[in-house]
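Grab a pencil and have a look at the model below. Then try the exercises before you read the solutions.

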Amino acid sequence: MLRIAIAGAAGRMGRTLTETVQQNEGCLLVAATDRAGSSVIGADAGELAGLGPLGIEVKASLPAEADQFDLLIDFTTPENTLSNLAHCAELGVPMVVGTTGLSAEQTDQLKSYAETIPLCFAANYSTGVTLCLQLAQQAAKVLAEDSDIEITEAHHRHKVDAPSGTALALGNAIAESLGQSSEESFVLSREGITGAREKGKIGFSVIRGGDIVGDHSVIFAADGERVEITHKASSRMSFARGAVRAAQWLSDQPVGLYDMRDVLGLN
């Protein structure tokens, strides 16, 4: 039985992760945290997730001893995630991280912990999105020479980072397949008289509104035809199931940095 702790248990993903862990016979929720000073500190994690009491009190910090939990799943904020990584690295506890909005420096810091613990880090844990990353890379190799590449994404009004981590991951996957860097190829915004579109650029468009869970499309627009790779999420459950699947897989892995493509055997 894999004993899982969840960071950010009161958030949208945290509540969905609690539900998903409870549905998985191979997992057991043993700890739940939320930010210090939150009104939910002391509440029951099961009641927050609409499941009824589970006897797991939401606390402001993780368990202090390594023998109290086997793995942490963290979909919170960059600062909180890095703090939790330091704690888990000290204890030797693996982590599944789905936090987005990290700076380049924070991402490098995050990845450094993979020298100490097994760490799975992905912008999106949906199996469908993971497949779309693979398809986008393959399509770029065939279509990029004659196509303009655009990435569009839409999320709910509460999302705080843009473009989404998934959109950036799609862009990075395409750029990598073309031997380019994000710095030289990404166009993250357009305004005013921008001039004609430059060849080889990857454009991004962002929508925020309502309760959109997450829509992503990669468009290869050529003269006379257009190819689109699209994923639309109607529930956070797809992300949570993927994260729990990653947790179970990661628990048997050696120290190192992994992503969802490793979990699905696509790398």
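What follows is a set of exercises, each with a worked solution.

This is a predicted model, so local features need pLDDT of at least 70 and side-chain atom pairs count only at pLDDT 80 or more, while totals for chains, interfaces and linings use all residues. Residues are numbered from 1 along each chain as its sequence is written, and side-chain values use heavy atoms, with hydrogens and water left out.

**Exercise 1. Work out how many disulfides the structure has, and where C27 and C120 sit.**

Step 1: set the rule. A disulfide is a pair of cysteine sulfur atoms within 2.5 Å.

Step 2: search the whole structure with it, and you get zero disulfides. For C27, the nearest cysteine sulfur belongs to C120, 14 Å away. That gap is too far for a bond, so C120 stays unpaired with C27.

Step 3: check the cover. Buried means under 20% relative accessible area, exposed over 50%, and partly exposed in between (1.4 Å probe, protein chains only). C27 counts as buried because its relative accessibility is 6%, and C120 is buried at 0%.

**Exercise 2. Trace the order of strands in the seven-stranded open sheet, then find its edges.**

Step 1: know the terms. Strands (E, at least two residues) and helices (H or I, at least four) are DSSP runs, numbered from the N terminus; two strands pair if DSSP finds at least two bridges between them.

Step 2: read across. The order is β3-β2-β1-β4-β5-β6-β12, and the pairing is parallel. β3 (58-59) and β12 (256-258) are the edges; each has a single partner strand, so one side of each lacks a neighbour in the sheet.

Step 3: zoom in on two pairs. β1 (residues 2-7) runs parallel to β2 (residues 27-33) over five bridges, with A5 partnered by A31 in β2. Five of the six residues in β1 are buried. Over at β6 (residues 118-121), three bridges link to β12, again parallel, and C120 stands opposite Y258 in β12.

**Exercise 3. Do the same for the five-stranded open sheet.**

Step 1: the order here is β8-β9-β7-β10-β11, with mixed pairing. β8 (186-187) and β11 (225-233) take the edges, each with a single partner strand, so one side of each has no neighbour in the sheet.

Step 2: pick a pair. β7 (residues 148-155) and β9 (residues 202-208) run parallel, joined by seven bridges; I149 has I202 in β9 as its bridge partner.

**Exercise 4. Count the salt bridges and compare the cover of their residues.**

Step 1: the idea first. Oppositely charged side chains can pair when their charged atoms come close. The rule is a side-chain nitrogen of Lys or Arg within 4 Å of a carboxyl oxygen of Asp or Glu.

Step 2: the count comes to eight. D148, E150, R190 and R197 are linked in a network of salt bridges.

Step 3: look at individual pairs. K159 and D161 have their closest N and O atoms 3.1 Å apart, and both residues are buried. D259 and R261 form a salt bridge with closest N and O atoms 4.0 Å apart; D259 and R261 are both buried too. For E228 and R226 the figure is 2.8 Å. Here E228 is partly exposed at 42%, whereas R226 counts as exposed at 58%.
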